[in-house]
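This briefing covers one protein and some of the spaces within it. Look over the sequence and the structure before reading on.

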Amino acid sequence: MPDTAPRTAGGPSRRISDIYASAAARGKQVLSFEIFPPRGELSDENARTVARELAPLQPDFISVTHSAGGSGSDGLSYNATNQVSSLIQDEFGVPSMAHLTCINTTREDLEHAVADMHARGIVNVLAVRGDVSSSSKPGEFSLAKDLIAYLKGEGFCVGAAAYPEGHIDCDDPKVNIEHLKAKQDAGADFFVTQLFFTNSLFYRFREDALAAGITVPISCGVMPFMSKKQVQRMVFMCAASLPAPIVKLLAKYEDDKESLLQAGIDYAAAQLVDLAAHGVDGLHVYTMNRPQVAAVVKQRLKAAEAVRG
């Protein structure tokens with residue numbers, strides 16, 4: 001069951017691995033939110049506004065993406081992420097997790113990023129490869145597992161990405177699980193999944209992961225669809241399949257922006273309630289920088305838990 005009872009953040013530098021362990025010991029689930037710096041930049045004022053509205057919802061942690069593009073190609077794109085992450089934990093007392101990618105990034109870039117995180121008191125990092133493009137350049141850290149091992153050596157609590165439907169560059173489900181195991185072996189403390197719209201796909205993925213020896217927690221990443229354009233972009237970027245109910249909702253509300261947004265939030269909330277009822281390790285909400293999305297989710301989870309008793 002999700003932990004919907006009031007709780008304190010437990011300190012801004014609390015390691016997320018400890019948060020998962022504490023929740024599991026109490027028979028609860030970790031609830032986390034994700035925000036992103038639009039176009040690589042989220043002003044302090046806007047970041048405070050979003051964080052100020054998310055903090056009272058008492059998430060176990062808030063995740064901050066590496067930037068809109070996530071390329072890291074300028075060697076400095078971690079700055080916005082780290083600034084927002086430190087703001088969340090320092091001003092609002094909520095543990096944060098900064099994303100860090102390794103594609104197109106030199107060892108010197110990573111050393112600067114790590115030094116900056118240490119200086120800001122950031123202890124939780126999500127290590128991902130990043131998107132590969134025709135302009136991508138080979139680097140010393142070409143795979144997420146390499147970055148995971150490096151960050152573990154630097155003393156961080158490290159999360160990694162999981163792909164219930166497989167990575168867009170990986171067609172073989174067996175190889176997908178092998179990559180997951182390699183990340184755990186490299187030191188990943190927990191996983192956060194890519195978005196998915198069909199829970200049965202995650203349940204099958206969880207069974208395969210357990211069979212392969214995955215023992216660290218896996219949080220389920222869920223994103224509400226907000227427009228037809230957004231869904232199309234996510235499908236092509238993440239290789240997430242669209243179930244018939246969503247296709248029908250997109251057709252029904254294609255010309256009604258507000259109704260489509262509400263339908264997307266309702267669908268995501270129903271997904272999360274079902275996942276909670278199936279005892280997943282954690283629930284991770286891609287809020288799209290909209291605190292109202294997180295608020296609805298928290299309310300629905302609390303109501304569902306009350307009904308289950």
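How much space lies in the second largest pocket? The answer is about 180 Å³. The model is a predicted one, and the points below describe this pocket, a cavity and the protein as a whole.

**The second largest pocket**
- This pocket is lined by 14 residues, and those closest to its centre are Pro164, Glu165, Gly166, Pro173 and Asp208.
- Two or more lining residues come from each of helix H6 (173–186) and helix H7 (199–211).
- Helix H7 gives the largest share of the lining, four residues.
- By class, the lining of the second largest pocket has seven nonpolar, five charged and two polar residues.

**Cavities**
- The whole structure holds two cavities of 30 Å³ or more.
- The volume of the second largest cavity is about 40 Å³.
- Residues lining the second largest cavity include Tyr163, Gln194, Leu195, Phe196 and Cys238.
- Pro164, Glu165 and Gly166 are also among the residues that line this cavity, and they are listed with those closest to the centre of the second largest pocket.
- The lining of the second largest cavity divides into seven nonpolar, two polar and one charged residues.

**The protein as a whole**
- The secondary structure consists of 11 helices and eight strands.
- Of the 309 residues in the protein, 52% are buried.
- Among contacts between residues at least 6 apart in sequence, 82% join residues at least 24 apart.
- The exposed area of the protein is about 13,500 Å², with 53% of it supplied by carbon and sulfur atoms.

Notes:
Residues numbered from 1 in each chain as written. Predicted model: local features only at pLDDT ≥ 70, side-chain atom pairs only at ≥ 80, totals over all residues. Heavy atoms only, no water. 1 Å grid on protein atoms, 1.4 Å probe; cavity = no way out; pocket = protein on both sides within 12 Å on 5 of 7 lines; lining within 4 Å. Points joined across faces, edges and corners; volume = space filled by probe spheres on them. Nonpolar A, V, L, I, M, F, W, Y, C, P; charged D, E, K, R; others polar. Buried < 20%, exposed > 50% of the residue type's maximum accessible area, 1.4 Å probe, protein only. Contact = heavy atoms within 4.5 Å. Areas by Shrake-Rupley, 256 points an atom, 1.4 Å probe, with all protein chains shown as cover.
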